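Me: I would like to go over the salt bridges in this model. Could you take me through them?

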Amino acid sequence: MPDTEFLDTESPDAAVMAVLDGMVDLHVHSGPNPFPREFDHVEGARDAQRLNMAGMLVKSHHHNTVMDLLAMREQLAEVKTQVFGGVALNSQIGGLNPDAVAMSLRMGGRAVWFPTFSSRRHIEAHPEGGGFPTASFELPNRIVEVRTPDGGLRPEVHEVLELVAESDALLSAGHMYPDQIAEVFVAARARGVRRMVISHPNFVIDAAPAQCRDYVALGAFVEHEVGQYDPNGNKKWNPTLLLDWIRAVGPEHTVLASDLGQRGRPMPVDAFVRVGRLLLDLGLAEADLRRMVVTNPSFLIGLAPDRPGP
């Protein structure tokens, strides 16, 4: 049941908040960060208590967020929501840098993102930063390649995957091309990586539902971002599209996350409540919504040890 310390049971949103109670958000862009942020990690975790969130994963495109969380640990100790960090393999940390990955994971990191805004695919989609936040200062960015000139995966890819498997951490596909994602996921599965996810397949990456079903066959989950469907948050798409995606891939293979924290955008809790209500009104079953925000992400971040059944 919801934690009534934070849930207003008289609110018209109480029913959807009960479904979301205890959820996990795998995609939070809180600060500090070179991009302007609406809230920092502690503020985000405090607000997450409105949904009794079990956990949130904080992501930076530029640095290892585990260091942030260690610096904020006294403040975070007073918050019920657990906050996890990780490292994205963009040019600011040296790209495909196994040493940076090992440090992050061995300091408690739970996630490794393959190149996001340093991927060739991202730079093609946003050649001048269009549709993406602007950094607070000039931010160098070099393309990080996952393949060698002859087309094979770079040796560092395999080193990183070994580290992810060793730590039983979450592997994210970042913003790579769909065919690169498939190749990395095949290699990851061969090394025993259990927790894999592709974020916003229809944003930047441009992966079709059929390709996502191939990722699912390799053991991956498909993540969609409520921030892109929130009618009060610079909505990009109609929630009916999100429901189509859920039905195409299956709620048992889908995760909903926020991808929020940018300056001027909603708090994740509010976006989850609004989009959750819209999905339920469109006919999504409460059990399916709960599967996508509680069960699946709890496994991916390691709060649940075993993969959920079908």
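Reply: The turns below deal with salt bridges and the exposure of their partners. This is a predicted model, in which local features need pLDDT of at least 70, side-chain atom pairs count only at pLDDT 80 or more, and totals for chains, interfaces and linings use all residues. Residues are numbered from 1 along each chain as its sequence is written, and side-chain values use heavy atoms, with hydrogens and water left out.

Me: How many salt bridges are there by this rule?

Reply: The count is 13, a salt bridge being a side-chain nitrogen of Lys or Arg within 4 Å of a carboxyl oxygen of Asp or Glu.

Me: What does R274 pair with?

Reply: R274 forms a salt bridge with D230, at 2.7 Å from N to O. The pair ties together parts 44 residues apart in sequence, because R274 lies in helix α12 (residues 268-281) and D230 in the loop between β8 (220-225) and α11 (239-249). Helices (H or I, at least four residues) and strands (E, at least two) are DSSP runs, numbered from the N terminus.

Me: Is D230 buried or exposed?

Reply: D230 is buried, at 0% relative accessibility, whereas R274 is partly exposed at 25%. Buried means under 20% relative accessible area, exposed over 50%, and partly exposed in between (1.4 Å probe, protein chains only).

Me: Next topic: which residue forms a salt bridge with R147?

Reply: The partner is D179, with the closest N and O atoms 3.2 Å apart. R147 is in the loop between α6 (120-125) and α7 (155-167), and D179 is in helix α8 (residues 178-190), 32 residues apart.

Me: Which residues are joined into one network?

Reply: D47, R50 and D270 are joined through salt bridges that share partners.
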